[in-house]
Every structure is written in C-alpha cells, then in structure tokens.
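Biologist: Please go through this model with me and say what stands behind each term.

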Amino acid sequence: MSPDSPAQQVRPPGPWQPRKRVTVIGAGVAGLVAAYELERLGHSVEILEGHLQVGGRVRTHRFVPGREGPLVELGAMRVPTTHRRTMRYLRKLGLADQLREFTTLFQDDAAYVQTSQGHRRIREASEILVEELRGRLPAGRFEEYDEQTLLFGAWMAVRVNALAPSDFRDSIRRGLDGELMGLVAGIDLTDYVRAPGAGGELIDLRALFADHPGIRAGCRGRLYRFVDDIVNETSSTLMRLSGGMDQLVHRLRERISGPVRCGKEVTGLAVAEHGVQVRTRHGFGSAGRLCDYVLCTIPFSVLRGLELAGLDEEKLAAIHGQRYWAATKVAFHCREAFWERDGITGGASFTGGLSRQTYYPPVEGDPKLGAALLASYTIGQDADRLCRLGRRARLAAVLDEVAAVHPELRRPGMLLGVADQVWGTEPSSLGAAAVRWGKDADSCEAEREMVARPQGRLFFAGEHCSSHPAWIEGAIESAQHAVRLIDGHQQGEAAEGACAAVVEEPA
Ligand SMILES: Cc1cc2nc3c(=O)[nH]c(=O)nc-3n(C[C@H](O)[C@H](O)[C@H](O)COP(=O)(O)OP(=O)(O)OC[C@H]3O[C@@H](n4cnc5c(N)ncnc54)[C@H](O)[C@@H]3O)c2cc1C
C-alpha cells in the first residue's frame, strides 16, 4: 500500500468490513503513515504522542526561527532513492520539488580524512591509506592484490572507520581484509576508480556493488549488514529535502483528520480480551481507558520501561532484548560557510577523534543569516562517549577537534550558536535506531517477525519492526504492514459495540 495506490481513496466502511477505532501511539513517521493509511481505508484514528511536537526521530533545527535561515537535521537527513516507499510518500505529499541530491561522506574530494599522518584532503590521501593497509594485512597478503584492489581495500577500511560503531570496527575490518577483498580481487575495477581531483568518490562503490551483486551476496555475518548500509550510506543517489526533513511529518499530519494529541505520554499497556487498556500520564498520576485497537510505535528501548501486562513471554523477551544504538549530533551556526573558501562545496569530512563525521550542509535561504555546519555525527559507543562528557565538555571537545581541521571556527564572531541532540538519552527514543548488525539475513527476518508480532488487538510498528531498521523506509514499511493486519483483523464476537467502548478511569 502506498499513497499512490488505489487504497488511498477513502473506502466507505461496509457491513463486510466494519470501521475500526484505532489508537496510534507515537507520531513519528510510522505512527503518522499508519494513521494516514488507516483513514484512507475508512477507519477512525486518534494519535497519542508523548512529545509536544510530531516527528520523533525526524527533527529539523532552525537556527533562526521564523526566517529562511540555516537549518540542520538532528535526526534523519537523507533518503536513498532506492527507498521506494519513502520516495513515493515524498512525491505524493507534494515534496518532489524540494528533493535535492545529498552530497555525502567522501563525495567531495576537497574534504578531509583522518590518516595516520594527520588530516589530509580526500584526493591526496590514497597513498597513505594503502600504506596503512599494508601494515595491517598478514605477511605476503599485500603482494597478492593488484593496485586497484588495494585502493578498494584502503578506502573501504576508511568507510568502516567512519561509519561503523567502534564495537564493530575491528571485526568488520578483519572481514573486509580477509573476505571482501578476496571477493573483489577477480573484478576489473578500472571503470570504478576515478582520478584524484576529478571530483566525486575515488572509488564508485555504488556502481561497483550494483554491477556485481555477488559481492554483497557473498558477504556473511557482520559484513552483510555493513555492506548493505555502506552502499546506502555512501551511494551517490541520496536525496535530502530542501527546507527540512520535518516537512514530511508536517505534511502527513495535515492529511490526518483524527485528533493528534501531543503531550500525551503513554505509561502502560495491558492487553485485554476485547481491546487494550492504555494508561497515560496525568500530572503526577495516570489515567486509563480501554481502546478497541492499539498500534504501538514506541521504540522498544522506551516501551520496556512502561507497565506492560497481558503480553506473552516471547514478546516480552523481544521487547527487552532489542538492541539500540545511540547517536549524537552537534551542529554549529556559523557566520558564513567558511569551508567554501577552502574549496569544499558539500559532502563531509571524516575528522576522526570523538567527533567522527563532519558534514557541510548547503547554504539555503538568506546567506546573511549564516550557515550550518554539522560538526559531529557519531553513532554507537562513540556517541555514548560524547554523551557521557556532559554538554559543556561535549561542545568544547567537538569545537577543539573540528577547529584543528578548520581553524576559521576560532575567528572572533564566527560561531553564532550551537544545537545538539543526544539520542541515547532522549527520553522518547532512548537510542537512535534498532540494531541488527552482526546477524545474517535469515536471523534478521526471524527477529523482525518476532518484534512485529501483534498481541491480541495490540499491534506494533516502527523502524524496529521492519527489514530496514534505522531508516525512514523501515518506519513506513512497518506501518504499512501493521495497517494490513489491523484492516484484516476479524473483530468476531468482541466487535459488538466495541467501536464505541472507551472507558475513562479516574486519575
Ligand atoms: C541521528 C539519526 C540519523 C538518522 N538518519 C537517517 C537518515 O538519514 N535517513 C533515514 O531514512 N533515516 C534516518 N534515521 C532513522 C529515522 O529517523 C527513523 O528510522 C524513523 O524516523 C523512525 O520512525 P518511527 O516512527 O519508527 O520512530 P520515532 O520517530 O521514534 O517515533 C516514535 C514516536 O513515539 C513517541 N513516543 C515515545 N514514547 C512515547 C510514550 N511513552 N507515549 C507516547 N508517545 C511516545 C516519540 O515521541 C516519537 O514521536 C536517523 C535517525 C537518527 C536518530
């Protein structure tokens, strides 16, 4: 089901398919898409959202509120064009004109990369990186590979360093040196290697992986998900939304006619025979009511802290066992896009240290209002480390590290403001994204099924319930799946009068 599909025409409820009342918990992408699609199918919907705003992990920060000035994405920032569901929604919601190419890590070869000899421009770093690879490979292995395969191995290792969380880096790098280079060794890479200074990535990984699906298929265990993510993450067909990613969630909200109740934090869920008892916070206490159908999109990291009753043991184990990664972003509001004078037109540097990735978002709106620099984007343990520093020390550490690459940041009046988001401790998500790395395709699917499995009339959606965790695509996929289940659910005897049954309890 998609906004393009015939299902979007509101289907009049009939005796064969009684209209259902669905309470959706969470107004992130999953909750909003589900509410939108359920209404298209003729069901009635209300949304309970704990935050004062909709959007969840889609969060756009505007440094100059109310004016067309610099903005930074503190949550999701790019969409691979291969994410068909997301692209379709963006088009359907009238946002196609706002889509622009997202220049990502290593795409602008004037940006910097951390090497064993300090920071180097990407276009000047290959030799050093190949030498680093020589130091890592077991004796005799280096000589087995031709120059192009070594270049591939060297730049893949940088990607592992830049993109993988620290607890995965060593094992992925071992797999890369031992397994992935072997898979690539027989391929003529001439067409995929670009000359330094020609612009763009030095190795066109997206084209390489697209032309040779056997590479991805041959990857096992931890390498499997990494290669999948790396292809998405460094693909040259990533898009961003000019004007902010939050337009996606605001457009969805505008199209939902049922109430979207923000500031309604759910504190407990109990599966009952004919519905689900939902408790919400009321001042220092809580109030409960019986809802006919509930779709819960709360991340499991948060859900496991709620009062839960009536769920089976396996489901509770899935809720408690789901792993999440942290992510931290630190952004600077700068007087001007000083990096452009340094020849950097976009993309990102791998600054290393605690800061890891530094992105140069395009200047939009009035340049007199300044420019945004996403100084640091970290995930996993790197994000935890930054989080533990505390805000003042975190901002100082990022400024120190990024100013070592860009001393312009120290010029008086250059730094106008900061914005940061620590997703690991953000109460509404307690993490950035569900993790399935380190598992093969079958285990990922078995886990997804368990995580998404309904309990009575309690249904589940959210990126964690999908085959694309950590992406908007996953949130949409899971919502569409849950909508199909709810729509097809037989109300049976419990249906009688259930649609109107909402029992308010005293606080
Ligand atoms: C730093 C970062 C970068 C990312 N980058 C990208 C990217 O570039 N591209 C991409 O496609 N994806 C990206 N993602 C992932 C993407 O943002 C998520 O997969 C997607 O937004 C998740 O949507 P969701 O609806 O599943 O969850 P959420 O957006 O988390 O929605 C859940 C909602 O439930 C609410 N809630 C929580 N607890 C309660 C409660 N007790 N009561 C009521 N409401 C509650 C929350 O406030 C929230 O609004 C990124 C995520 C992060 C954090």
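The exchange below takes the terms in turn and sets values against definitions.

Modeller: This is a predicted model, in which local features need pLDDT of at least 70 and side-chain atom pairs count only at pLDDT 80 or more, while totals for chains, interfaces and linings use all residues. Residues are numbered from 1 along each chain as its sequence is written, and side-chain values use heavy atoms, with hydrogens and water left out.

Biologist: How do you know that the radius of gyration agrees with a compact globule?

Modeller: The radius is taken over C-alpha atoms, and the globule rule is 2.2 Å times the number of residues to the power 0.38. With 507 residues the rule gives a value near 23 Å, and the protein has 24 Å, so the two agree. Along the principal axes, the C-alpha atoms fill a box of roughly 75 × 55 × 40 Å.

Biologist: What makes domain 1 and domain 2 the parts of this protein?

Modeller: The bounds come from an automatic or database domain assignment. Domain 1 is 17-52 + 249-322 + 440-500, and domain 2 is 112-234. Their C-alpha centres lie 41 Å apart.

Biologist: Which residues are closest to the ligand, and how many surround it?

Modeller: A residue is near the ligand if one of its heavy atoms lies within 4 Å of it. The ligand is surrounded by 37 residues, the closest being Glu49, Arg57, Arg78, Val266 and Ile472. By class there are 21 nonpolar, 9 polar and 7 charged residues in the shell; Ala, Val, Leu, Ile, Met, Phe, Trp, Tyr, Cys and Pro count as nonpolar, Asp, Glu, Lys and Arg as charged, and the others, Gly among them, as polar.

Biologist: Why is the pair at Ala30 called a polar contact?

Modeller: The term needs a pair of N or O atoms within 3.5 Å. An oxygen atom of the ligand is 2.9 Å from a polar backbone atom of Ala30, so the pair qualifies. A ligand nitrogen lies 2.9 Å from a polar backbone atom of Gly50, and a ligand oxygen lies 3.0 Å from one of Met77. The protein covers 97% of the 1,000 Å² of accessible area that the ligand has on its own (Shrake-Rupley method, 1.4 Å probe).

Biologist: Which helices and strands each supply at least two residues of the shell?

Modeller: They are α1 (29-40), β2 (44-49), β17 (327-334) and α16 (472-488). The protein has 16 helices and 23 strands, counted as DSSP runs (H or I, at least four residues, for helices; E, at least two, for strands) and numbered from the N terminus.

Biologist: What makes β11 and β12 a pair of strands?

Modeller: Pairing requires that DSSP finds at least two bridges between the strands. β11 (residues 266-272) and β12 (residues 275-282) have 6 bridges in the antiparallel sense, so they pair. Leu269 stands opposite Val278 in β12, and 2 residues separate the two strands in a hairpin.

Biologist: How many bridges does β12 have with β13?

Modeller: β12 and β13 (residues 285-291) pair over 7 bridges, also antiparallel. They form a hairpin with 2 residues between them, and Gly283 in the turn has a positive phi of about 60°.

Notes: Polar contact = N/O pair within 3.5 Å; in protein donor to acceptor, adjacent residues only side chain to side chain.
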